[in-house]
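Me: I would like to go through a model with you, one question at a time. Please keep the answers short and show the reasoning.

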Amino acid sequence: MKPVFNLLSMILSGLVIGLFARLFYPGSVPMGLGHTILLGIGGSLVAGLAASWRDGRPWGEGFSRAGCIASVVGAMLLIFIGRHF
């Protein structure tokens, strides 16, 4: 039952992070619901990789506001890369 909850939480957090990234990114970001979820999940991965590379520690678990903000910034970085490269 735990893998189902992990998958649902990943989808839900990807949706929220993707929506915030689209909201805060300047200009229109036209994409569907599935792409928004994938954008949020990708932003979380970018932020997690950057944090573990900077600190030299493995990924941690749990909720943090700084991690959420970093995930939104990571998703915005992915939007920027997708538009300019």
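Me: By about how much of helix 1 are Phe-20 and Phe-24 separated?
Reply: The model is a predicted one. Helix 1 covers residues 2-24. Phe-20 and Phe-24 are four residues apart in that helix, so their separation is about one helical turn.

Me: How many aromatic pairs does the count come to?
Reply: Ring centres must lie within 6.5 Å to pair. By this rule the count is one aromatic pair.

Me: Is the pair of Phe-20 and Phe-24 stacked or edge-to-face?
Reply: Two values describe such a pair: the distance of the centres and the angle of the planes. For Phe-20 and Phe-24 the centres are 6.0 Å apart and the planes meet at 10 degrees. Planes under 30 degrees apart count as stacked. The pair is therefore stacked.

Me: Is Phe-24 buried or exposed?
Reply: The cut-off for exposed is over 50% relative accessible area. Phe-24 has 53%, so it is exposed.

Me: And which class does Phe-20 fall in?
Reply: Values between 20% and 50% count as partly exposed. Phe-20 has a relative accessibility of 38%, so its class is partly exposed.

Me: What is the area of the nonpolar surface patch that includes Val-16?
Reply: Val-16 lies in helix 1. With a relative accessible area of 37%, Val-16 is partly exposed. Patch members need over 30%. Together with Leu-12, Phe-20, Leu-23 and Phe-24, Val-16 makes a patch of about 510 Å².

Me: Which residues does Phe-24 touch, not counting those up to four places away in sequence?
Reply: Phe-24 is in helix 1. Its C-alpha atom is 8.0 Å from that of Met-76, 52 residues away along the chain. Contact is judged on heavy atoms within 4.5 Å. With sequence neighbours up to four places away set aside, Phe-24 touches Val-72 and Met-76.

Me: Which helix supplies the largest share of the largest nonpolar core?
Reply: That core has eight residues: Ile-17, Ala-21, Tyr-25, Val-29, Leu-39, Val-72, Ala-75 and Ile-79. Helix 1 and helix 3 (65-84) each supply at least two of them. The largest share is three residues, and its source is helix 3.

Me: Is Ser-71 buried or exposed?
Reply: Ser-71 is found in helix 3. Outside four places in sequence, its contacts are Ile-17, Gly-43, Ser-44 and Ala-47. Ile-17 in turn touches Gly-40, Ser-44, Ser-71, Val-72 and Ala-75, by a count that leaves out residues up to four places away. At a relative accessible area of 7%, Ser-71 is buried.

Me: How far apart in space are Leu-33 and Leu-15, C-alpha to C-alpha?
Reply: Leu-33 belongs to helix 2, residues 33-55. Leu-33 has a relative accessible area of 58%, so it is exposed. Leu-15 is 18 residues from Leu-33 in sequence. In space, C-alpha to C-alpha, the two are separated by 7.7 Å.

Me: In what order do the elements of the protein run?
Reply: The protein has three helices and zero strands. From the N terminus on, the order is α-α-α.

Me: What share of the contacts with a separation of 6 or more joins residues 24 or more positions apart?
Reply: Ile-17 and Ser-71 are in contact, as are Phe-24 and Met-76. For the protein, residues 24 or more positions apart account for a share of 65%.

Notes: Residues numbered from 1 in each chain as written. Predicted model: local features only at pLDDT ≥ 70, side-chain atom pairs only at ≥ 80, totals over all residues. Heavy atoms only, no water. Phe/Tyr/Trp six-rings, centres within 6.5 Å; stacked < 30°, edge-to-face > 60°. Helix = DSSP H or I, 4+ residues; strand = E, 2+ residues; numbered from the N terminus. Buried < 20%, exposed > 50% of the residue type's maximum accessible area, 1.4 Å probe, protein only. Patch = residues over 30% accessible without salt bridge, like charges linked within 9 Å, V, L, I, M, F, W, Y side chains within 5 Å. Areas by Shrake-Rupley, 256 points an atom, 1.4 Å probe, with all protein chains shown as cover. Salt bridge = Lys/Arg side-chain N within 4 Å of Asp/Glu carboxyl O. Core = buried A, V, L, I, M, F, W, Y, C linked by side-chain atoms within 4.5 Å.
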